[in-house]
Amino acid sequence: MTVPTAADRWLLERLRYWQERLRLQDWEIRAFFVSRAEMDARARPYSMAHVRMESSPLGGALIDYSPSRRYAEIAVLAPGSDENVWPPMTMEEWILHEMLHVLLCDWACPPCSLEERAQERVIDALVGILLPRPSHPLP
């Protein structure tokens, strides 16, 4: 068994924080770091009876979840793996973004549909509301 790193502990702490804040305690949610190659491999759709959210080719996270089982896995791009993520968001913003997919999973839309694009915009707006960026960056 590997010893959790400081980044692993931070990821778990933020996951638990947002799980409680979004009132998703009835879900079993796992989050873990992956390399860019692992992220790309995970982006392929599964044939099992659950929902897979596609990540953009440069996305910083993606989620795979099963509403019937109330189970979700969030793959987060490991720190230092790739600085070229799009849209440019902090790691916590990516975690929150993916957890909002769980919160809104009853309104899941077909991939690449107009509805899915609208849902992505709403989720991005909610991330900005729940986790605003400071107007004056720290020195």
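**Exercise 1: the length of helix α3**

Work out how the end-to-end reach of α3 compares with the span expected at 1.5 Å a residue.

*Solution.* Start with the residues: in this predicted model, helix α3 runs over residues 91-103, which makes 13 residues. Next, take the reach from the first C-alpha to the last, which is 19 Å. Finally, set this beside the expected 18 Å: the two values are close.

**Exercise 2: the surroundings of α3**

Find out how many residues of α3 are buried, and which elements they pack against.

*Solution.* Begin with the count: eleven of the 13 residues of α3 are buried, so the helix is mostly covered. Among them are Trp 94, Ile 95, Leu 96, Met 99, Leu 100 and Val 102. Charged-looking names should not mislead you here, for Glu 92, Glu 93 and Glu 98 are on the buried list too. Then look at the neighbours: the buried residues pack against the helices α1 (6-21) and α4 (114-130), and against the strands β1 (28-34), β3 (61-66) and β4 (71-77).

**Exercise 3: the two faces of α4**

Decide which residues of α4 are buried, and which exposed residues lie on the face turned away from them.

*Solution.* First, the helix itself: α4 has 17 residues and reaches 24 Å, close to the 24 Å expected. Second, its buried residues are Glu 116, Gln 119, Ile 123 and Val 127. They cover an arc of only 80 degrees around the axis, which puts them on the same side of α4. A general rule helps here: an α-helix has 3.6 residues a turn, so residues three or four places apart point the same way. Third, the face turned away from the buried side carries the exposed residues Leu 114, Arg 121 and Ile 129. Last, the buried residues of α4 pack against α3.

**Exercise 4: how α3 and α4 meet**

Describe the packing of α3 and α4 by angle and distance, then name residues that make the contact.

*Solution.* The angle is about 130 degrees, and the axes are 9 Å apart. The two helices are therefore oblique to each other. As for handedness, α3 passes α4 in a right-handed crossing. The contact is made by Glu 93, Leu 96, His 97, Leu 100 and His 101 of α3, together with residues of α4 including Gln 119, Ile 123, Val 127 and Leu 130.

**Exercise 5: a loop residue**

Is Ala 43 buried or exposed?

*Solution.* Locate the residue first: Ala 43 lies in the loop between α2 (36-42) and β2 (51-52). Its relative accessibility is 16%, and buried means under 20%, so Ala 43 counts as buried. For a sense of the fold, Ala 43 and Ala 75 are 32 residues apart in sequence and 9.9 Å apart in space, C-alpha to C-alpha.

Terms used
Residues are numbered from 1 along each chain as its sequence is written. This is a predicted model: local features need pLDDT of at least 70, side-chain atom pairs count only at pLDDT 80 or more; totals for chains, interfaces and linings use all residues. Side-chain values use heavy atoms; hydrogens and water are left out. Helices (H or I, at least four residues) and strands (E, at least two) are DSSP runs, numbered from the N terminus. The expected span of a helix is 1.5 Å times one less than its number of residues. Buried means under 20% relative accessible area, exposed over 50%, partly exposed in between (1.4 Å probe, protein chains only). Contact means heavy atoms within 4.5 Å. The arc is that of the directions from the helix axis to the C-beta atoms. Axes are lines fitted to C-alpha atoms, for helices over the stretch in contact, and angles run from 0 to 180 degrees between N-to-C directions. Angles under 35 degrees count as roughly parallel, over 145 as roughly antiparallel, 65 to 115 as roughly perpendicular and the rest as oblique. A crossing is left-handed if the near helix is turned anticlockwise from the far one by less than a right angle, and right-handed if clockwise.
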